[in-house]
Amino acid sequence: MSIGGIDIVTLAAMLMAASTPVLLAATGELVAEKSGVLNLGVEGMMIMGAVAGFAAAVATGSPVLGFVAGALAGALMATLFAFLTQIFLSNQVATGLALTLFGLGLSALIGKGYEGVRPPPTAKLDFGPLADIPVIGPIFFSHDWIVYASVLLVAVVWFVLRYTRAGLILRAVGESHDAAHALGYRVVAVRFAALGFGGAMAGLGGAYLSLVRVPQWTEGMTAGAGWIALAIVVFASWRPWRVLLGAYMFGGITALQLQLQAAGYAIPVHILSMAPYVITIVVLVILSALHRHGVQAAPASLGKSFHASS
Amino acid sequence: MITLIRRPNPSKFWTYATPIVAVIATMFAGGLLFAMLGKHPVEAIRVIFWEPLFGANASYFRGQLLVKAGPLILIAAGLAVGFRAGIWNIGAEGQYIMGALASAWLALHVYPAESHWLFPAMIVLGALGGLLWAMIPALLKVWFGTSEILVSLMLVYVAENLLAYMAFGPLKNPEGFGFPGSRNLQSYPAAHNADLIAGTGLHWGVVTAFVAVIATYILMHRHITGFRIRVAGEAPRAARFAGVIPARLVVFCLGLAGAFAGLAGMFEVSGPSGQITDSFNVGYGFTAIIVAFLGRLHPIGILLAGLLMALTYIGGDMAQLMLGLPSAAIQVFQGMLLFFLLGFDVLTNFRVRLGRRARA
């Protein structure tokens, strides 16, 4: 099936893989923001995950260890952010920016020796005969395990936030840190955990980018994916399933844009490459226009510093 | 156990001392980083901070200091006004590119003009390019409440792609033997932003940066608008009662920062860089954010911070040449500086008490 030189099945199959890095990062950021902390350093954590994951996978020959290293690097960066914003009470916006600038620099420094190196391949899961079903097979059953894990992650986050005590505490901290503190919950500890999880997911997303999506290390390779993840959380009105929708929409646009480039349309490459960013802006605008007169979807304490005065 | 107790008023002493403490801490941490890279830490720090100012060939490097500090100070001076009001324009890099593109487009469009009016017209177009690009997040914020952080940042990537498109397409040098990049404005007298005194690095962009420092100082500390901006940042509710209109503030702050960034781009493309290429932008728009914070969002502080940050750029280049220090190490160094600054800032607003938790 093909429309205008674009094969729809290939496009749909590409979509899931193209969305995965942003989906992971956005899901992590969602949890962090639900606890009331705005971490603008997603881009920095992602790129650190990308370089650390790549380096570890090349060194050990195991992509799985690469993903673990990527998640660890992201979590480490997030812990740095947590120390500054939760203990030293620094401004969250400024600290997030610092995290991104620092991450971009440090990753370039670490990645110096890895340009042009090929990482060990990550195998696709074998679904046997399922993968041979026409249309459905290539779209749903032709991916590696991280793709499925990322969808599972969304389900887990949704369940935990909605139905468990831990999720309730997390949301309470995010809605009113003073009330949560008065009830005896440890606001700072909860936020450390949420930020750490967010960082690990961003790092994992970055590692997926450098180990599977590209697969190569190049300086600044995240190219704004972290910022798009932040935009998707806003787009999703802080709801996990909408994060999935937003990430897949974004992935679809990226895949379509790449397919259009490959199909040899007479649109200049650089103009096509703008598309994901322009569409992100358009979607943000539509959403903020819709929410203008509705309820505020953001956690009430988002971006505010917490200092227990008693 | 260490406890923090909020000060009734921010400490005057620590307001001035934190940047200095942060720089010293960064030198130590940076030395550690350089040592891990197998370089002698003291030597590396000396090359970065001493060599460009007082070493051999220092007269050349002092000029380079102005060339690098000019755009940083100009952009940061504009950004700081917005940051004071709690308006986060982090897309200065994009506004910088658009200013450069707009002015270079004009110069190349009328090539080979000899008019004396070309350069002033380019200045106007540069400012306008940055301003209009910044109006996108400003108006979207005012009309729909869209986050200016995300929109201004997304527009950086759009501007970067537009820059590459222009460098490979419409603005490509027709006599460039197929190489990407525009004609060199340095060999186009009517459009060239030359040194005012040859070899000093002092070009119109540097002059504009100094003017911007003075202008923003007057605006922020001697004018009612500056007072409104500061109130809006520190107490938004009080500002509303005092008659501050948030929409106007957003448009003003983003417009000012955009125009300044556009100007910086214009002076860069017509002067030190000379050419529109896909790698024309080198991250001044992002480094300016560090400069603004290091300068405590105060115009005079930004002037000093811009010079210091320019020093790390040039010193970093020298360390790369003399010691083989990777260029990314300097980027890490600058990032660490911002971390230390933000961390130590706790001392400005809080008193640190050692010992048992104090009773409130």
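A residue counts as buried here if 20 or more other C-beta atoms, placed from the backbone, lie within 10 Å of its own, as exposed if there are 12 or fewer, and as partly exposed in between. By that rule, buried residues make up 53% of the 360 residues in chain B.

What you're looking at is a predicted model, where local features need pLDDT of at least 70, side-chain atom pairs count only at pLDDT 80 or more, and totals for chains, interfaces and linings use all residues. Residues are numbered from 1 along each chain as its sequence is written, while chains are lettered from A and ligands numbered from 1 in the order in which they are written.

Here are the two chains. Helices (H or I, at least four residues) and strands (E, at least two) are DSSP runs, numbered from the N terminus.

| Chain | Helices and strands | Box of C-alpha atoms along the principal axes |
|---|---|---|
| Chain A | 12 helices, 2 strands | roughly 65 × 45 × 40 Å |
| Chain B | 15 helices, 2 strands | roughly 75 × 55 × 35 Å |

Along its sequence, chain A starts with β-β and carries on with helices. Of its 310 residues, 51% count as buried.

Now for where the chains meet. Two residues are in contact if their C-beta atoms lie within 7 Å, and 40 residues of chain A are in contact with 38 residues of chain B. On the chain A side, helix 4 (92-110), helix 10 (225-235) and helix 12 (269-291) each supply at least two residues. That side splits into 26 nonpolar, 12 polar and 2 charged residues; Ala, Val, Leu, Ile, Met, Phe, Trp, Tyr, Cys and Pro count as nonpolar, Asp, Glu, Lys and Arg as charged, and the others, Gly among them, as polar.

Helix 4 of chain A deserves a second look. With 17 of its 19 residues buried, helix 4 is largely enclosed by the rest of the structure. After helix 4 comes a loop leading to helix 5 (136-140), and A:Gly128 lies in that loop. A:Gly128 counts as exposed because it has 7 C-beta neighbours inside 10 Å. Its C-alpha atom is separated by 40 Å from that of A:Ile110, 18 residues apart along the chain.

Finally, the inside. A nonpolar core is a set of buried Ala, Val, Leu, Ile, Met, Phe, Trp, Tyr and Cys residues joined through C-beta atoms within 7 Å. The largest one has 224 residues, and A:Ile232, B:Ile75, B:Ala76, B:Phe260 and B:Ala292 touch the most other members. Leaving out residues up to four places away in sequence, B:Ala76 touches residues including B:Ala288, B:Ala292 and B:Ile302.
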